[in-house]
Amino acid sequence: MMQPYLKRFETLFTNLTVDSLAQLDSIYTEEVVFKDPAHTVEGLDALTAYFSGLCNDLTHCRFEIFERAFNDNVCFLQWQMSFSHPKLQQGKEILVPGCSVLKFNDNGIYQHTDFFDMGTMLYEQVPLLGGVVNFLKRRLAA
């Protein structure tokens, strides 16, 4: 049941662009619930708008999927996202490891939850805040 949706999902997120978002309706259900550390989005239209807003601000965004595990109608993916944003790290590429939990039914993915470190993705990339976050991380590791 999940294989065709998973293949399309992986193809889409390998190189995510505003243009590729037209394929979301072939992957997700209309009632999809998406969650990440910063947002909860309900419905395909809201998800499309959310991803569109993200893609518009990024120079590039790619996901490399390393591991897959399946259990009934659930798939667990381990990945690394690479992206660049003109206002973060002078537009240099940023790498963020993470994982996704995808739940499927006959109509596609109805729940998508991403787990990743917001510090690595954003907080450490902001000039003053990044220094504070890195200082705290070093202190905690000592």
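# Notebook: contacts, salt bridges and surface

**Entry 1: Thr 14.** I looked up the contacts of Thr 14 and found that, apart from neighbours within four places in sequence, Thr 14 is in contact with Arg 62 and Phe 63. I note that the model is a predicted one. I placed Thr 14 in helix H1. I then took the C-alpha atoms of Thr 14 and Phe 63, which are separated by 4.9 Å although the two residues are 49 residues apart along the chain. Is Thr 14 buried, partly exposed or exposed? Its relative accessible area is 43%, and I recorded Thr 14 as partly exposed because this value falls between the limits of 20% and 50%.

**Entry 2: the chain as a whole.** I next turned to the overall layout. How many helices and strands does the protein chain have? I recorded four helices and six strands. Reading from the N terminus, I wrote the order of the elements as α-β-β-α-β-β-β-β-α-α. The protein chain has 142 residues, of which 42% count as buried. I recorded an accessible surface of about 8300 Å² for the protein chain, with 54% of this area belonging to carbon and sulfur atoms. I also looked up contacts between residues at least 6 apart in sequence, and 49% of these join residues at least 24 apart.

**Entry 3: Leu 21.** I found Leu 21 in the loop between helix H1 (3-14) and strand S1 (28-35). Is Leu 21 buried or exposed? I entered Leu 21 as buried, because its relative accessibility of 6% is under the 20% limit. Which residues does Leu 21 touch, not counting those up to four places away in sequence? I listed Leu 12, Leu 16, Thr 48, Phe 51, Ser 52 and Cys 55. I also checked Leu 21 against Ala 49, a residue 28 places away along the chain, and their C-alpha atoms are separated by 9.3 Å.

**Entry 4: salt bridges.** I reminded myself that side chains of opposite charge can pair when their charged atoms come close. How many salt bridges does the structure hold? I recorded two.

In one of them, the side chains of Arg 68 and Glu 10 meet at 2.7 Å, N to O. Arg 68 belongs to strand S3 (residues 60-71) and Glu 10 to helix H1, so this pair ties together parts that are 58 residues apart in sequence. I noted Arg 68 as partly exposed, with a relative accessible area of 40%, whereas Glu 10 is buried, with 17%.

I then examined the salt bridge between the side chains of Arg 62 and Glu 93, where the N to O distance is 3.9 Å. Arg 62 lies in strand S3 and Glu 93 in the loop between strand S4 (74-84) and strand S5 (94-105), so the pair ties together parts that are 31 residues apart in sequence. I recorded Arg 62 as partly exposed at 35% relative accessible area, and Glu 93 as partly exposed at 46% relative accessibility. Arg 62 had already appeared in my first entry, as a contact of Thr 14.

**Entry 5: a charged patch.** Which residues form the negative surface patch? I listed Asp 25, Glu 30, Glu 31 and Asp 45. From this group I followed up Asp 45, which is found in helix H2 (residues 44-57). I entered Asp 45 as exposed, because its relative accessibility of 66% is over the 50% limit.

Definitions and conventions: Residues are numbered from 1 along each chain as its sequence is written. This is a predicted model: local features need pLDDT of at least 70, side-chain atom pairs count only at pLDDT 80 or more; totals for chains, interfaces and linings use all residues. Side-chain values use heavy atoms; hydrogens and water are left out. Patches are made of residues with over 30% relative accessible area and no salt bridge: like charges are joined within 9 Å, nonpolar side chains (Val, Leu, Ile, Met, Phe, Trp, Tyr) within 5 Å. Accessible areas come from the Shrake-Rupley method with a 1.4 Å probe; for residues, only the protein chains shown count as cover. A salt bridge is a side-chain nitrogen of Lys or Arg within 4 Å of a carboxyl oxygen of Asp or Glu. Lys and Arg count as positive and Asp and Glu as negative; His and the chain ends are not counted. The place of a charge is taken as NZ of Lys, CZ of Arg, CG of Asp or CD of Glu. Helices (H or I, at least four residues) and strands (E, at least two) are DSSP runs, numbered from the N terminus. Buried means under 20% relative accessible area, exposed over 50%, partly exposed in between (1.4 Å probe, protein chains only). Contact means heavy atoms within 4.5 Å.
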